[in-house]
Amino acid sequence: MSQLYTEQHGCADKPALVMLHGWGMNSSVWHAVLPVLSEHFSITLIDLPGLGKSPAPDSLDFDDAVDAVLAAAPEKAHWLGWSLGGQLALAAAAKAPQRVSALVMVGSNPCFVARDDWASAMAVDTYHEFRQSLDVQAAKTLSRFIMLQTQGADAARETLKLLKGVLKASEPSALAPALRLLESDARQALADLSQPVLLQFGDKDLLVPVSAADGCKQLQPAAHLAVYEGAGHLPFISHTEQWSEDVVRFLSEVEA
């Protein structure tokens with residue numbers, strides 16, 4: 001797989017932090033929180049395979065994507081992933097635990113699509129509708145997806161405007177293969193996780209139900225949990241100040 005696109009922010013002498021975005025997006029989604037986080041961390045932003053400025057691979061499965069982000073990341077770092085990025089960060093922590101000091105999962109479900117034993121997820125029919133519509137109306141499907149990320153949540157209009165700007169910054173080239181990465185089931189990886197983990201949810205999230213917080217806590221009782229009242233799928237945009245404080249505090253405690 002070709003090398004992924006990365007950006008460096010912050011001070012090189014600060015603790016390393018890898019940040020992974022979600023499906024359909026790119027690393028510019030993080031720019032609103034970089035001013036605060038850059039004061040505390042040496043940040044590596046990574047565009048996921050076939051998304052943002054990273055090239056589309058000939059083929060893409062979940063393990064390939066995990067290997068690709070590990071290859072692009074510093075040798076040792078904290079990892080923070082939003083949505084699909086959270087699943088990949090979790091898998092990276094499981095595959096190379098010596099390289100991941102701590103983990104923050106934002107609006108991320110270890111099992112994004114519902115299963116018989118995991119109802120706190122996107123309904124199977126809804127997910128398959130997305131897959132089918134993506135094949136014939138990619139732009140419209142992506143637009144619907146970002147609408148769901150903000151609908152009914154605080155700062156919905158501002159967040160939707162930001163997401164549209166993110167898409168203009170860099171059009172994704174492999175939407176369908178990247179969407180299929182969301183079919184993975186990383187629940188066992190969460191249950192077996194040895195690193196400190198902070199799980200962040202929005203109680204108005206239409207893509208990752210807040211009920212997933214309880215399920216994740218059962219899988220990983222040692223996890224730190226934050227639920228943002230009024231937040232949708234992007235608490236780091238709607239609740240920027242509180243979200244940033246929580247991330248800095250959690251990772252600073254890990255460093256202490």
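Is aspartate 185 buried, partly exposed or exposed? In this predicted model, aspartate 185 comes out as partly exposed, because its relative accessible area is 35%, and the cut-offs put buried under 20% and exposed over 50%. That residue is a handy way into the charged pairs, so the salt bridges come up before the core, the surface patch and a few backbone details.

A search of the whole structure turns up six salt bridges. In one of them, arginine 115 pairs with aspartate 185, and the closest N and O atoms sit 3.9 Å apart. This pair links distant parts of the chain: arginine 115 belongs to the loop between strand 5 (100-106) and helix 4 (124-136), while aspartate 185 belongs to the loop between helix 7 (175-180) and helix 8 (187-192), 70 residues apart. Arginine 115 counts as partly exposed because its relative accessible area is 36%, which falls between the 20% and 50% limits.

Aspartate 185 also has a salt bridge to arginine 187, with an N to O distance of 2.8 Å. Salt bridges with shared partners join Arg115, Asp117, Asp185 and Arg187 into one network. Within this group, the side chains of aspartate 117 and arginine 187 meet at 3.3 Å, N to O. Aspartate 117 lies in the loop between strand 5 and helix 4 and arginine 187 lies in helix 8, so their salt bridge ties together parts that are 70 residues apart in sequence. How do the two ends of that pair stand, buried or exposed? Aspartate 117 is exposed, with a relative accessible area of 56%, whereas arginine 187 is buried, at 12%. As a general point, side chains of opposite charge can pair when their charged atoms come close.

Turning to the interior, the largest nonpolar core has 94 residues. Which of its members touch the most others? They are Trp23, Trp30, Leu37, Trp79, Phe236 and Trp243. For leucine 37, once residues up to four places away in sequence are set aside, the contacts are Leu17, Met19, Ile43, Trp243, Val247 and Val248. Trp243 thus shows up twice, as one of those well-connected core members and as a contact of leucine 37.

Helix 2 (residues 62-72) has a buried set of its own, made up of Phe62, Ala65, Val66, Ala68, Val69, Leu70 and Ala72. What do these buried residues pack against? Their partners are strand 1 (6-10), strand 2 (16-20), strand 3 (42-46), strand 4 (77-82) and helix 3 (84-95). At the start of helix 2, a side-chain oxygen of aspartate 61 comes to within 3.2 Å of the backbone nitrogen of aspartate 63.

On the surface, Val210, Leu225 and Val227 make a nonpolar patch of about 210 Å². Valine 227 sits in strand 7 (residues 224-228), and leucine 225 is found in strand 7 as well. Valine 227 is partly exposed because its relative accessibility is 43%, and leucine 225 is likewise partly exposed, with a relative accessible area of 39%. Leucine 225 also has protein contacts: leaving out residues up to four places away in sequence, it touches Leu198, Leu199, Phe201 and Ala213. Its C-alpha atom is 9.9 Å from that of methionine 105, although the two residues are 120 residues apart along the chain.

A few loop residues round out the picture. Serine 170, in the loop between helix 6 (156-169) and helix 7, counts as buried because its relative accessibility is 11%, under the 20% cut-off. Which backbone oxygen lies 2.9 Å from a polar atom of the serine 170 side chain? That oxygen belongs to glycine 52. Apart from neighbours within four places in sequence, serine 170 is in contact with Asn26, Gly52 and Lys53.

Two residues other than glycine have a positive phi: serine 83, at about 55°, and alanine 155, near 55°. Serine 83 lies in the loop between strand 4 and helix 3, and alanine 155 in the loop between helix 5 (138-150) and helix 6. Serine 83 counts as buried, at 6% relative accessibility, while alanine 155 counts as partly exposed, at 31%.

Note on methods:
Residues are numbered from 1 along each chain as its sequence is written. This is a predicted model: local features need pLDDT of at least 70, side-chain atom pairs count only at pLDDT 80 or more; totals for chains, interfaces and linings use all residues. Side-chain values use heavy atoms; hydrogens and water are left out. A nonpolar core is a set of buried Ala, Val, Leu, Ile, Met, Phe, Trp, Tyr and Cys residues joined through side-chain atoms within 4.5 Å. Buried means under 20% relative accessible area, exposed over 50%, partly exposed in between (1.4 Å probe, protein chains only). Contact means heavy atoms within 4.5 Å. Patches are made of residues with over 30% relative accessible area and no salt bridge: like charges are joined within 9 Å, nonpolar side chains (Val, Leu, Ile, Met, Phe, Trp, Tyr) within 5 Å. Accessible areas come from the Shrake-Rupley method with a 1.4 Å probe; for residues, only the protein chains shown count as cover. A salt bridge is a side-chain nitrogen of Lys or Arg within 4 Å of a carboxyl oxygen of Asp or Glu. Helices (H or I, at least four residues) and strands (E, at least two) are DSSP runs, numbered from the N terminus. A polar contact is a pair of N or O atoms within 3.5 Å; within protein, one must be able to donate a hydrogen and the other to accept it, and residues adjacent in sequence count only if both atoms are side-chain atoms.
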